Amino acid sequence: PSSRAASGEWLLALSDLIRRYDYDLIFPTNDSTLVLLDQHGEALGRERLAIPNSEAFATFTDKERTRELARKLDVPVASGRGLRSGESAAALAREFGLPLAIKPQRSYVPGLAAAKLSVTIAFDRHDIEQAFAARATGPYLVEAYFRGDGVGLSVVARDGVVLHAYQHRRIEQQGEAGASTYRISEPCDRHLLRAAQRLAAATRLSGVAMFEFRQDRSSGRYVLLEVNPRFWGSLPLAIAAGA
């Protein structure tokens with residue numbers, strides 16, 4: 001059954017599969033199952049769930065908490081803040097310029113039918129107003145748009161120590177905030193790696209995570225966009241590259 005159905009049949013079915021097959025590990029591969037496995041961790045048995053420790057989970061599944069920690073650790077983030085009730089498109093455009101990013105504070109909220117709440121890149125006031133109209137339940141953030149390449153720095157860590165790191169760069173993607181369709185592996189940028197190491201240490205990360213950055217290749221400047229504390233869509237590239 002669908003994990004997003006309100007009936008609870010998904011949890012009963014998964015519990016039955018665990019009893020029958022005694023799986024060693026269960027890996028979430030999207031935001032909704034990551035959140036739901038954590039939510040039902042005690043019932044399913046946390047020792048068999050490949051999800052991060054509670055501190056890293058709480059920080060990295062909340063984009064505002066991620067931003068706050070990054071600022072505290074001197075990891076660059078785009079200028080931004082929480083979206084306030086009743087704000088106008090014109091005022092936001094004046095404050096942050098265009099384009100700007102409107103993103104949900106959490107990518108998945110239990111009970112919503114959608115598997116994931118997406119980021120919107122608004123290029124004009126009309127786009128901002130459309131994003132407002134399409135918003136689902138829950139708080140949103142607004143950020144100035146940082147131009148550059150999408151870079152993912154993926155790690156496996158134990159107790160906050162990064163044991164292995166791997167980096168890819170987006171060559172093509174579906175729109176400014178869309179899925180990446182073409183990526184290449186490359187040596188880890190030492191500045192991005194150092195930023196990921198600081199964030200991992202501060203949350204005592206145990207598990208996998210992909211730190212998403214946007215980087216201006218000509219200057220080397222970058223900002224942290226978000227952190228996904230789960231396996232990611234480009235995992236086959238990482239494996240093919242030897243990670």
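The exercises below, each with a worked solution, concern a predicted model.

**Exercise 1. Work out which residues of helix 1 are buried and where they lie around the helix axis.**

Step 1. Begin with the element itself: helix 1 covers residues 9-21, and its 13 residues reach 18 Å from the first C-alpha to the last, close to the 18 Å expected at 1.5 Å a residue.

Step 2. Apply the cut-off for burial, which is under 20% relative accessible area. The residues of helix 1 that count as buried are Trp10, Leu11, Leu14, Ser15 and Ile18. Because these residues cover an arc of only 130 degrees around the axis, they lie on the same side of helix 1.

Step 3. Recall the general geometry: an α-helix has 3.6 residues a turn, so residues three or four places apart point the same way.

Step 4. Turn to the surroundings of the helix. The buried residues pack against helix 2 (31-39) and helix 3 (41-44), whereas the face turned away from the buried side carries the exposed residues Leu12, Arg19 and Arg20.

**Exercise 2. Describe the backbone and the exposure of Asp22 and of Arg204.**

Step 1. Locate Asp22, which follows helix 1 and is found in the loop between helix 1 and helix 2. Although Asp22 is not a glycine, it has a positive phi of about 50 degrees.

Step 2. Compare the accessibility of Asp22 with the cut-off for exposed residues, which is over 50%. Asp22 has a relative accessible area of 53% and is therefore exposed.

Step 3. Repeat the procedure for Arg204, whose place is in the loop between helix 8 (190-203) and strand 8 (207-215). Arg204 is not a glycine either, and its phi is positive at about 50 degrees; with a relative accessibility of 46%, however, Arg204 counts as partly exposed.

**Exercise 3. Determine the strand order of the open sheet of four strands, and find what packs on this sheet.**

Step 1. Read the order of the four strands, which is 1-4-2-3, with antiparallel pairing. Strand 1 (80-82) and strand 3 (120-122) are the edge strands, since each pairs on one side only. From one strand to the next, the twist averages 20 degrees.

Step 2. Examine one pairing in detail: strand 2 (residues 100-104) and strand 3 run antiparallel and are joined by three bridges. Within strand 3, Ala122 is the bridge partner of Leu100.

Step 3. Add the helix that packs on the sheet, namely helix 6 (residues 89-96), which touches strand 1, strand 2 and strand 4 (140-144) and whose direction makes about 145 degrees with that of strand 1.

Step 4. Follow the chain between helix 6 and strand 2, where the loop contains Pro99. The peptide bond joining Leu98 and Pro99 is cis, with omega about -5 degrees.

**Exercise 4. Decide whether Glu226 is buried or exposed, and identify the residue that its side chain joins in a polar contact.**

Step 1. Place Glu226 in its element, strand 9 (residues 222-228). Its relative accessible area is 12%, so Glu226 is buried.

Step 2. List the neighbours: leaving aside residues up to four places away in sequence, Glu226 touches Lys63, Met210, Phe211 and Glu212.

Step 3. Look for a polar partner of the side chain. The side chains of Glu226 and Lys63 are joined by a polar contact of 3.5 Å.

Note on methods: Residues are numbered from 1 along each chain as its sequence is written. This is a predicted model: local features need pLDDT of at least 70, side-chain atom pairs count only at pLDDT 80 or more; totals for chains, interfaces and linings use all residues. Side-chain values use heavy atoms; hydrogens and water are left out. Two strands pair if DSSP finds at least two bridges between them. Helices (H or I, at least four residues) and strands (E, at least two) are DSSP runs, numbered from the N terminus. Axes are lines fitted to C-alpha atoms, for helices over the stretch in contact, and angles run from 0 to 180 degrees between N-to-C directions. Contact means heavy atoms within 4.5 Å. The expected span of a helix is 1.5 Å times one less than its number of residues. Buried means under 20% relative accessible area, exposed over 50%, partly exposed in between (1.4 Å probe, protein chains only). The arc is that of the directions from the helix axis to the C-beta atoms. A polar contact is a pair of N or O atoms within 3.5 Å; within protein, one must be able to donate a hydrogen and the other to accept it, and residues adjacent in sequence count only if both atoms are side-chain atoms.
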